[in-house]
Amino acid sequence: MEWLNVTAENGLWGLLAASFLSATVLPGGSEALLWGFLKLHPGQYGVALLLVTVGNTAGGMTSWWCGRYLPRWQRLERLPHKEKLERWGSPALLLAWAPLIGDALCLAAGWLRLHWLPCCLFMAIGKFARYWLVAQSAMN
């Protein structure tokens with residue numbers, strides 16, 4: 001873990017950037033970075049948890065905005081599970097943190113024109129819960 005031994009301030013900026021990028025289509029391991037950072041800087045628990053949640057939610061909302069501006073192609077109207085997302089609406093974005101389906105959920109929610117504010121709130125709640133569990137494991 002010596003390679004992670006950066007100043008707390010630089011590490012926090014790195015966590016913010018990594019959490020944003022890992023919420024887009026780029027692969028990333030922001031959970032592992034959060035865990036390692038908190039092992040080295042346990043006093044930064046609250047700030048680190050806030051920044052990774054904000055960064056990851058901002059990345060998810062970027063996917064939402066990309067979906068919002070995708071054209072309404074007829075072929076996409078027949079996507080599998082489209083009806084489920086329409087039925088569940090923005091609460092489905094509690095799963096926006098999940099690998100593989102999370103990015104697709106965010107993109108689809110934008111494409112379906114689900115209102116941005118509930119989408120953002122549900123996304124943030126789900127992402128916070130995941131990071132909180134990671135942070136708790138780092139503190140033990």
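User: What makes the meeting of the side chains of arginine 130 and glutamate 31 a salt bridge?

Analyst: In this predicted model, the side chains of arginine 130 and glutamate 31 come to 3.0 Å, taken from N to O. The cut-off is 4 Å between a side-chain nitrogen of Lys or Arg and a carboxyl oxygen of Asp or Glu. The value of 3.0 Å lies within 4 Å, so the pair is called a salt bridge. By this rule, the count for the protein comes to one salt bridge.

User: Which parts does the pair of arginine 130 and glutamate 31 tie together?

Analyst: Arginine 130 belongs to helix H6 and glutamate 31 to helix H2, so the pair links parts that are 99 residues apart in sequence.

User: Are arginine 130 and glutamate 31 buried or exposed, and how do you know?

Analyst: Arginine 130 has a relative accessibility of 11%. Buried means under 20%, and arginine 130 therefore counts as buried. Glutamate 31 has a relative accessible area of 27%. That value is neither under 20% nor over 50%, so the term for glutamate 31 is partly exposed. Across the 140 residues of the protein, 37% count as buried.

User: What is the secondary structure of the protein?

Analyst: The secondary structure comes to six helices and zero strands. Read along the sequence, the pattern is α-α-α-α-α-α.

User: How do you know how confident the predictor is in the protein?

Analyst: The confidence score, pLDDT, runs from 0 to 100. The protein averages 87, and 88% of the residues score at least 70. Among the elements, helix H6 (residues 116-139) has the highest mean pLDDT, 97, and helix H4 (residues 82-88) the lowest, 83. Where pLDDT is low, the predicted coordinates should not be read in detail.

User: What makes up the largest nonpolar core?

Analyst: The largest nonpolar core has 14 residues, and those with the most contacts inside it are Leu93, Ala109, Cys119 and Met123. Helix H3 (45-68), H5 and H6 each give two or more residues to this core. The largest share, four residues, comes from H5. Such a set is called a core because its members are buried and joined through side-chain atoms within 4.5 Å.

User: What lines the second largest pocket?

Analyst: The lining of the second largest pocket has 20 residues, and Ser22, Trp97, Ala98, Pro99 and Asp103 lie nearest the centre of the pocket. The lining divides into 10 nonpolar, six polar and four charged residues. Helix H2 (30-40), helix H5 (101-111) and H6 each supply at least two of the lining residues. H6 gives the most, with three. The space in this pocket is about 210 Å³.

User: Where is alanine 129, and what separates it from tryptophan 97?

Analyst: Alanine 129 has its place in helix H6. Its C-alpha atom is separated by 9.3 Å from that of tryptophan 97, although the two residues are 32 residues apart along the chain. Alanine 129 has a relative accessible area of 38%, which lies between 20% and 50%, so alanine 129 is partly exposed.

User: What is the phi of arginine 113, and where is that residue found?

Analyst: Phi of arginine 113 is near 65 degrees, a positive value in a residue other than glycine. Most residues other than glycine have a negative phi. Arginine 113 is found in the loop between H5 and H6. Its relative accessible area is 35%, and it therefore counts as partly exposed.

Conventions: Residues numbered from 1 in each chain as written. Predicted model: local features only at pLDDT ≥ 70, side-chain atom pairs only at ≥ 80, totals over all residues. Heavy atoms only, no water. 1 Å grid on protein atoms, 1.4 Å probe; cavity = no way out; pocket = protein on both sides within 12 Å on 5 of 7 lines; lining within 4 Å. Points joined across faces, edges and corners; volume = space filled by probe spheres on them. Nonpolar A, V, L, I, M, F, W, Y, C, P; charged D, E, K, R; others polar. Buried < 20%, exposed > 50% of the residue type's maximum accessible area, 1.4 Å probe, protein only.
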